[in-house]
Amino acid sequence: MVPELASRAHMQNIVPVVDEALKQSAVKLNDIDAIAYTSAPGLIGSLLVGVQFAKSLSLALDKPLIAIHHMQAHVMANLIGDNRPEFPFLCLTVSGGHTQIVQCNGPNDLVILGETIDDAAGEAFDKSAKLLGLPYPGGPLIDKYAADGDPEKFKFPEPKVEGLDFSFSGLKTSILYFLRNAGKSNSFKEDIQVSEVVQKKFMDDNLSDICASIQNRIVSILLNKLQKAADETGIGNICIAGGVSANRGLRKSITELGRTKGWKVFIPAFEYCTDNAAMIAITGYYKYLAGEFSPLDSATSARATW
Ligand SMILES: Nc1ncnc2c1ncn2[C@@H]1O[C@H](COP(=O)(O)OP(=O)(O)OP(=O)(O)O)[C@@H](O)[C@H]1O
Ligand SMILES: [Mg+2]
């Protein structure tokens, strides 16, 4: 992703997107009660476009402004629609930039119990896919190839991380060495081109099994910690959120684990898993009910981290 191009695309699209949203929902700008927007965390240029647009709209329409934490909104996506979890619930948020276990005690009362100390789960998928020569974003492709593969064929190590935190950088390294070794030629002459050909053939011949084994390990890392969190807190309402929650292996495994553990498992509709405006709106709705409005000052500006 090129940040400068991303922010230009935001500038080009923000007015048409808002127009189209108003048209599809048959709502007039003046019928809106408040303007909720993502202020952080994220790509600063893209956030700035949304923040300035939201602030301008709020000022022009004289409507209250509500700054939203992007990761809170991912969790809150589970409250869209009729099949909602009761409080308290645990949410495993697995996206391109974050991996968190969040305890949600109420709409505006969230506590992070654990998070990644290096790569996010989505990054683990994407970086593994890159090592396999697959295009970005590789997560959905690993999911696709894994469907026909044997998840037990290749064993990748499980990282040893204390508590409820995660680590995925070691997995990436182990995949790198695994593929490098697979390309080693047995000939005495260490010919780099020969070994690259052998490695490529190995990857092509075993793509489904490699993808299934990588996915299996990522899912087991996630679910082992989630299970630990559920055991420690005694909370049995379990949700997932973020782009990686679209992964079929994760959805299947969390559903099966939930059945054996007696959890109530909630998985948002696919369109609410990846970034979407509805999750910002639902978070804004609960903040509106609680009277949590944001001033127009710098505290509500775009920030890369929060
Ligand atoms: N079916 C799938 N299997 C595995 N990974 C997937 C699947 N679908 C999407 N992903 C991964 O989800 C990630 C994108 O998720 P999302 O859009 O929620 O992240 P983001 O919004 O960029 O990150 P953040 O919210 O942390 O800032 C990518 O890493 C992508 O590979
Ligand atoms: Mg996101």
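**Exercise 1.** Which helices each supply at least two residues of the shell around ligand 1? Describe that shell, and locate ligand 1 with respect to the domains of this predicted model.

*Solution.* Begin with the helices: helix 3 (70–76), helix 4 and helix 5 (139–146) each supply at least two residues of the shell. Next, take the distances, where Gly96, Gly97, Gly122, Gly139 and Gly243 come nearest of the 21 residues around ligand 1. Sorting the shell by class then gives five nonpolar, 13 polar and three charged residues. Finally, both domain 1 (3–74 + 275–300) and domain 2 (84–169 + 209–267) give residues to this shell, so ligand 1 lies between them.

**Exercise 2.** Determine how domain 1 and domain 2 are placed and what forms their contact.

*Solution.* The centres of the two domains, taken over C-alpha atoms, are separated by 28 Å. Their contact takes seven residues from domain 1 and nine residues from domain 2. On the domain 1 side, helix 3 and helix 9 (277–289) each supply at least two residues, and helix 3 gives the most, with three residues. By class, this side of domain 1 has three nonpolar, two polar and two charged residues.

**Exercise 3.** Classify the packing of helix 4 (residues 121–131) against helix 6 (residues 169–182).

*Solution.* The helices pack at an angle of about 15°, with their axes 10 Å apart. Since angles under 35 degrees count as roughly parallel, helix 4 and helix 6 are therefore roughly parallel to each other. Helix 4 passes helix 6 in a right-handed crossing. The contact is made by Ala124, Lys127, Ser128 and Leu131 of helix 4, together with Leu171, Lys172, Ile175, Leu176 and Leu179 of helix 6; by class, this contact has six nonpolar, one polar and two charged residues.

Methods:
Residues are numbered from 1 along each chain as its sequence is written. Chains are lettered from A and ligands numbered from 1 in the order in which they are written. This is a predicted model: local features need pLDDT of at least 70, side-chain atom pairs count only at pLDDT 80 or more; totals for chains, interfaces and linings use all residues. Axes are lines fitted to C-alpha atoms, for helices over the stretch in contact, and angles run from 0 to 180 degrees between N-to-C directions. Helices (H or I, at least four residues) and strands (E, at least two) are DSSP runs, numbered from the N terminus. Angles under 35 degrees count as roughly parallel, over 145 as roughly antiparallel, 65 to 115 as roughly perpendicular and the rest as oblique. A crossing is left-handed if the near helix is turned anticlockwise from the far one by less than a right angle, and right-handed if clockwise. Two residues are in contact if their C-beta atoms, placed from the backbone, lie within 7 Å. Ala, Val, Leu, Ile, Met, Phe, Trp, Tyr, Cys and Pro count as nonpolar, Asp, Glu, Lys and Arg as charged, and the others, Gly among them, as polar. A residue is near a molecule or strand if its C-beta atom, placed from the backbone, lies within 6 Å of it. Domain bounds come from an automatic or database domain assignment.
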